[in-house]
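These are my notebook entries on charged side chains and their pairing. The entries follow the order in which I looked things up.

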Amino acid sequence: MRPLDERAEAFARLRAEGTPRLYPDPQIPFAKPGDGYWALVRHADVLEASRKPHIFSSEPNATTVIDPPAFVQRYVNSMINMDDPRHAKIRRIVSRAFSPRMLAKAEDDVQARATRIVDELIATGPGDFVEKVAARLPVEIICDMLGIPDTLYPRVLRLTNIVLGNADPEYTGITPEMGRIRTGLGMAKVALASRELHRLAARLGRERIGHDTGDLTSALVNANVDGEKLTAREFGTFFLLLVVAGNETTRTAIAHGLKLFTDNPEQRELLLEDFDGRIAGAVEEIVRVSTPVITFRRNLTQDYEMNGHTYRKGDKVMLFYNSANRDESVFTDPDTFDITRSPNPHVGFGGPGPHFCLGANLARREITVMFKELFSRLPDIRAAGEPDRLVSSFINGYKRLPCTFTVP
């Protein structure tokens, strides 16, 4: 796995070339490779593809270069992998479930849980920031929203780590020494972890059908919008999407945030001079620089010309958000962490269009509250070493990040 600065340099060279490159599909057991994919690395191209879902389709798959085998797809084929009208139907039902009352409760819960997390961090002392802080807040929030008992939080965290960390030997037990078969074994691990989350969703859903328990699971299984309801499989795949996306991406941003403020102490001081006035910009810059989700895929439904290149019907393109967020034609000094950057049209929550992140505002709230609680009570908290990075081409994650602080 290449260092992040080497990745950034490689993407900068690709952006400078001007025209896209075609890359071969990886060889994956149980999956049939195609004719390769085009790498979209410029900000303008990512935006244009995102705004035209009727041309740059999310079907049949938007998350991996190669279509996963059926035994995986049945569990992970969520609304991310859909276009209208299927996507619009699920989004309508889901949006109705995210009621103002539920969102208000979630916001209050973020503050209460952030306070408790810092209480326990102070009590136990310095250690792994990911385990003690970054991983805890988002998984506890999303589990509480879904009505998942707190006794199951560790299980949910373990399963989501496997789903998104399927290339990392620490989470799967599958090592590079196993050769090409390791990717197929990783897919099998993803299928098993996803099936377990589906079974949890089904059990919670059965308990709530016909009963309003005030949580998101209840709202989803009982939702009926103009006669439309979620099927059992649609609910299961959306449940999995929520616990995975609601957990991993926000914890990645929080962990990166501490490292960025440690490496850029002048930005930390700038934030602390006027926290309430500058935190919104800081959150956007953390998301831009860290870009938790590295890439998504789109599939051409027709011939289309963009940026001087003609894409053909059936072509695959990969939208590299991490490269778009460092595009020199859009961001001045793109490798610099600047919490006052304005404007900041990053694509860290995805590009514009129907697939923009449904949980973006909740993620912003979680990052804001967590850093306010940390910096107000432990103003000198900082990373105490280099992070242990997740082995992934999809998530720019930290598995561990040592931290240190003194209690005032």
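I looked up the burial of Arg-326 first and found a relative accessibility of 18%; because buried means under 20%, Arg-326 counts as buried. I note that the model is a predicted one. I then searched for a partner of Arg-326 and found a salt bridge with Asp-335, the closest N and O atoms being 2.8 Å apart. Asp-335 has 60% relative accessibility and counts as exposed. I record that this salt bridge joins a buried arginine to an exposed aspartate.

Next I turned to Glu-328. I found a salt bridge between Glu-328 and Arg-15, with 2.9 Å between the closest N and O atoms. This pair links distant parts of the chain, 313 residues apart. I placed Glu-328 in the loop between helix 15 (321-324) and helix 16 (360-377), and Arg-15 in helix 1 (residues 4-17). Glu-328 is partly exposed at a relative accessible area of 45%, whereas Arg-15 counts as buried at 10% relative accessibility.

I then examined helix 12, which spans residues 232-263. The side chains of Lys-259 and Asp-263 meet there in a salt bridge of 2.6 Å, N to O. Which spacing separates Lys-259 and Asp-263 in helix 12? They are four residues apart, so about one helical turn lies between them. I noted Lys-259 as buried, with a relative accessible area of 9%, and Asp-263 as partly exposed, at 45% relative accessibility.

Arg-233 also lies in helix 12. I found Arg-233 in a positive surface patch, together with Arg-74, Arg-195 and Arg-199. Members of such a patch have no salt bridge, so I set Arg-233 apart from the paired residues above.

I looked at Glu-285 next, in helix 14 (residues 275-290). Is Glu-285 buried or exposed? Its relative accessibility is 0%, and Glu-285 therefore counts as buried. I also recorded a polar contact of 2.9 Å between the side chains of Glu-285 and Arg-288.

Finally, I surveyed salt bridges over the whole model. How many salt bridges are there? The count comes to 36. I also traced a network of salt bridges that links Lys-105, Asp-109, Arg-113, Glu-120, Arg-136, Glu-140 and Asp-144. As a general remark, I add that side chains of opposite charge can pair when their charged atoms come close.

Note on methods
Residues are numbered from 1 along each chain as its sequence is written. This is a predicted model: local features need pLDDT of at least 70, side-chain atom pairs count only at pLDDT 80 or more; totals for chains, interfaces and linings use all residues. Side-chain values use heavy atoms; hydrogens and water are left out. Patches are made of residues with over 30% relative accessible area and no salt bridge: like charges are joined within 9 Å, nonpolar side chains (Val, Leu, Ile, Met, Phe, Trp, Tyr) within 5 Å. Accessible areas come from the Shrake-Rupley method with a 1.4 Å probe; for residues, only the protein chains shown count as cover. A salt bridge is a side-chain nitrogen of Lys or Arg within 4 Å of a carboxyl oxygen of Asp or Glu. Lys and Arg count as positive and Asp and Glu as negative; His and the chain ends are not counted. The place of a charge is taken as NZ of Lys, CZ of Arg, CG of Asp or CD of Glu. Helices (H or I, at least four residues) and strands (E, at least two) are DSSP runs, numbered from the N terminus. Buried means under 20% relative accessible area, exposed over 50%, partly exposed in between (1.4 Å probe, protein chains only). A polar contact is a pair of N or O atoms within 3.5 Å; within protein, one must be able to donate a hydrogen and the other to accept it, and residues adjacent in sequence count only if both atoms are side-chain atoms.
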